[in-house]
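Please open the model in your viewer and keep the sequence panel at hand. The tour below proceeds by selections.

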Amino acid sequence: MAIPQGKSIHPADTHAWSPPLPEAAGFKHFIVETPGLHTHVAVIGEGHPVIMLHGFPQHWWQWRKIAPIIAAQGFQVFCPDLRGAGWTIADDPYIERQTRMRDLLGLFNALGMSSAHLISHDMGAISAIQLSYEYPTRVRSAIQLAVFPAFTKFHLKLAPAFQHLPGLIWHRPGASLREMFSARYMAHPVSDDIAAAYLAPLQRPQIDAAVRPLTRKMIIPEALRILRGTYRRRRLTVPTLVVYGRQDHPTTETLIKTICPNPDRYADHVEFAYLDDAAHFITDDAPQAVADLAVDWLGISTGQPEVA
């Protein structure tokens with residue numbers, strides 16, 4: 001689809017941005033203006049629209065190795081910086097449980113996009129889940145990385161998966177989040193340069209100040225809804241692929257099978273996939289494997305054969 005440029009959508013002058021935007025070949029950068037929000041979106045390719053929602057504490061650059069592979073198969077890939085991350089600017093810092101979901105609806109509408117495929121990771125998966133349940137006609141299919149399905153049953157063995165939350169709930173301005181990219185969460189911890197590229201936007205006071213409300217007002221309330229069974233009383237109609245790294249403890253393949261029994265009871269079409277050499281930051285640990293899974297899934301969802 002052609003990107004409708006005008007008053008609400010215009011090319012971004014990234015050379016003037018501080019901190020500087022990390023480099024990634026092939027992407028074009030735009031600012032999409034919606035009420036109260038100036039969203040930076042990196043775009044690559046042409047064809048069926050795919051929206052990729054980054055995790056925390058990351059931004060659009062998380063998809064730098066994956067989006068080009070998907071785009072080469074006949075898709076147009078949109079990688080927005082979500083509210084409170086990257087180079088997106090919000091007029092009002094207020095964030096609550098569905099703020100980012102409403103932002104996504106605004107982005108869809110501004111781009112003239114009736115529906116799209118969603119690929120999401122970590123915190124980005126919360127907004128993808130919400131959109132899939134609340135506005136299923138806007139989501140053609142979904143790929144959910146490193147986050148369990150919304151119909152998950154609570155299990156005590158899940159507790160270690162939340163051990164990082166206190167540090168985010170009580171995040172001190174200026175405190176480093178470098179530990180997020182350690183061996184605790186990665187099969188292949190990234191270099192200091194890559195971690196610095198991810199964490200650079202936290203130099204902006206607005207982004208650093210968003211850590212607490214994103215955790216307190218969005219993640220905690222939504223996690224409680226999931227664990228209380230809210231979504232087990234609803235039905236997921238969007239075809240969804242859930243992908244985990246086998247080293248993403250404690251959410252191992254064995255535990256996922258325990259907390260997600262009988263998925264057909266809660267969803268029309270859900271599949272699970274596991275990657276051996278990956279942990280929580282699955283897109284950095286195994287970008288090619290994630291891209292391959294995504295291309296296969298999107299090809300099935302669109303009914304199009306893969307491009308040789």
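Two strands are said to pair if DSSP finds at least two bridges between them. With that criterion in mind, note that the model is a predicted one, and begin with strand 3.

**First stop: strand 3 and its partners**

Select residues 37-45, which make up strand 3. Seven of the nine residues are buried, so the strand is largely enclosed by the rest of the structure. Buried here means under 20% relative accessible area.

Which residue of strand 6 stands opposite Leu 37? Add residues 89-90, which form strand 6, and Ala 90 appears opposite Leu 37. Strand 3 and strand 6 run antiparallel and are joined by two bridges.

Next, add strand 2, residues 28-34. Strand 2 pairs with strand 3 in the antiparallel sense, over seven bridges. Val 32 has Thr 39 in strand 3 as its bridge partner. The two strands form a hairpin with two residues between them. In the turn, select Gly 36, whose phi is positive, at about 80°.

Then bring in strand 5, residues 75-80. Its pairing with strand 3 is antiparallel and comprises five bridges. To locate this contact, display Gly 45 and its bridge partner in strand 5, Gln 76.

**Second stop: strand 9 and its partners**

Move to residues 240-245, strand 9. How many of its residues are buried? Six of the six are, so strand 9 is largely enclosed by the rest of the structure. Showing the side directions divides the strand into two sets: Thr 240, Val 242 and Tyr 244 point one way, while Leu 241, Val 243 and Gly 245 point the other way. Both sets are buried.

Add strand 8, residues 139-145. Strand 8 and strand 9 pair in the parallel sense over four bridges. Within this pairing, Leu 145 stands opposite Val 243.

Now add strand 10, residues 270-275. Strand 9 and strand 10 are also paired in the parallel sense, over six bridges, and Val 242 stands opposite Phe 272 in strand 10. Include helix 8, residues 253-259, to complete the view: strand 9, helix 8 and strand 10 make a right-handed β-α-β unit.

**Third stop: backbone geometry in the loops**

Most residues other than glycine have a negative phi, and most peptide bonds are trans. The following selections depart from that pattern.

Starting in the loop between strand 9 and helix 8, select Pro 250. The peptide bond from His 249 to Pro 250 is cis, with omega near 5°. A cis bond is also found from Phe 56 to Pro 57, where omega is near 0°. Pro 57 belongs to the loop between strand 4 (48-53) and helix 1 (67-71).

For positive phi values, select Asp 122, in the loop between strand 7 (116-121) and helix 3 (123-134). Its phi is near 55°. Is Asp 122 buried or exposed? At 16% relative accessibility, Asp 122 counts as buried, because the cut-off for buried is under 20%.

Finish at Ala 146, in the loop between strand 8 and helix 4 (165-169). Phi of Ala 146 is positive, near 65°, and this residue is buried, with a relative accessible area of 6%.

Key: Residues numbered from 1 in each chain as written. Predicted model: local features only at pLDDT ≥ 70, side-chain atom pairs only at ≥ 80, totals over all residues. Heavy atoms only, no water. Buried < 20%, exposed > 50% of the residue type's maximum accessible area, 1.4 Å probe, protein only. Right-handed = clockwise from strand over helix to strand, strands pointing away.
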